[in-house]
Amino acid sequence: MGLRTPRFGALLAISAVVAVFDQAVKWLVAARLAELDRIAVLPFFDLVRWHNTGAAFGILSNAPGWQNSLFFALGLGLLAFLGVLMRQAARGNDPLWAAGLSLMAGGAVGNLIDRAARGYVLDFVSLHYGGWYFPAFNVADSAITAGVALALVNVVLGKRSR
């Protein structure tokens with residue numbers, strides 16, 4: 001007996017848990033660190049409070065402010081699209097696809113809350129090696145990445161229903 005695809009309500013619950021966890025961790029970071037403060041955790045990992053007004057990897061972060069509205073609108077559109085796909089996935093037999101969509105939606109909600117409430121996305125995970133730094137990210141970004149990975153694995157394995 002294989003994995004069963006969760007019902008739509010369960011997929012929404014997964015998304016909500018991701019968004020709530022993302023916001024809780026961001027609240028802790030914001031309460032304990034000032035902007036640009038950095039705490040070394042491991043030789044390759046720091047906690048840092050970074051205000052990202054741009055998109056992934058800081059794209060358009062130097063724009064004069066209009067980008068937040070653009071990314072908020074794009075995020076809402078993406079969230080609506082993910083909701084439609086999640087409803088379809090809940091009726092299918094693709095649990096990895098459904099879980100991936102749910103993680104992506106939860107991450108999108110977490111970052112949308114930031115844009116609406118703060119005007120930027122709060123990033124706090126900084127990975128680095130020597131003088132090389134990967135762009136800072138957060139729980140929502142991690143959930144989106146994991147969701148895309150699950151969806152891609154499902155597609156590569158040929159499990160995505162049409």
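User: In this predicted model, how many residues does the hairpin use to join strand 1 to strand 2?

Analyst: The model is predicted. A hairpin links strand 1 and strand 2. Strand 2 covers residues 45-52. The number of residues in the hairpin connection is two.

User: How many bridges join strand 1 to strand 2, and which residue is the bridge partner of Ile39?

Analyst: Strand 1 and strand 2 run antiparallel, with four bridges between them. Leu42 stands opposite Phe45 of strand 2. For Ile39, the bridge partner in strand 2 is Leu47.

User: In what order do the strands of the open sheet lie, and which are the edge strands?

Analyst: The open sheet is formed by four strands with antiparallel pairing, in the order 1-2-3-4. An edge strand here pairs on one side only. The edge strands are strand 1 and strand 4 (132-133).

User: Where does Leu36 lie, and is Leu36 buried or exposed?

Analyst: Leu36 sits in the loop between helix 1 (8-32) and strand 1 (38-42). Its phi is positive, about 75°, although Leu36 is not a glycine. Most residues other than glycine have a negative phi. Exposed means over 50% relative accessible area; Leu36 has 52%, so Leu36 is exposed.

User: What span does helix 2 reach from its first C-alpha to its last?

Analyst: Helix 2 has 25 residues. At 1.5 Å a residue, 36 Å is expected. The span in the model is close to that, at 36 Å.

User: Which residues of helix 2 are buried, and what covers them?

Analyst: The buried residues of helix 2 are Gln67, Asn68, Phe71, Gly75, Leu82, Leu85, Met86, Ala89 and Ala90. An α-helix has 3.6 residues a turn, so residues three or four places apart point the same way. The cover over the buried residues of helix 2 includes helix 1 and helix 3.

User: How much space lies in the largest pocket, and which residues are closest to its centre?

Analyst: The largest pocket holds about 630 Å³ of space. Its lining counts 23 residues. Closest to the centre are Ala55, Ala56, Asn111, Asp141 and Ile144.

User: Which elements give two or more residues to the lining of the largest pocket?

Analyst: Three of the contributors are helices and one is a strand. They are helix 2 (66-90), helix 3 (95-118), helix 4 (139-156) and strand 3 (121-129).

User: How many nonpolar, polar and charged residues has the lining of the largest pocket?

Analyst: The lining mixes three classes. Charged residues number three and polar residues six. The nonpolar count is 14.

Key. Residues numbered from 1 in each chain as written. Predicted model: local features only at pLDDT ≥ 70, side-chain atom pairs only at ≥ 80, totals over all residues. Heavy atoms only, no water. Buried < 20%, exposed > 50% of the residue type's maximum accessible area, 1.4 Å probe, protein only. 1 Å grid on protein atoms, 1.4 Å probe; cavity = no way out; pocket = protein on both sides within 12 Å on 5 of 7 lines; lining within 4 Å. Points joined across faces, edges and corners; volume = space filled by probe spheres on them. Nonpolar A, V, L, I, M, F, W, Y, C, P; charged D, E, K, R; others polar. Expected span 1.5 Å × (residues − 1). Contact = heavy atoms within 4.5 Å. Pairing = 2+ DSSP bridges.
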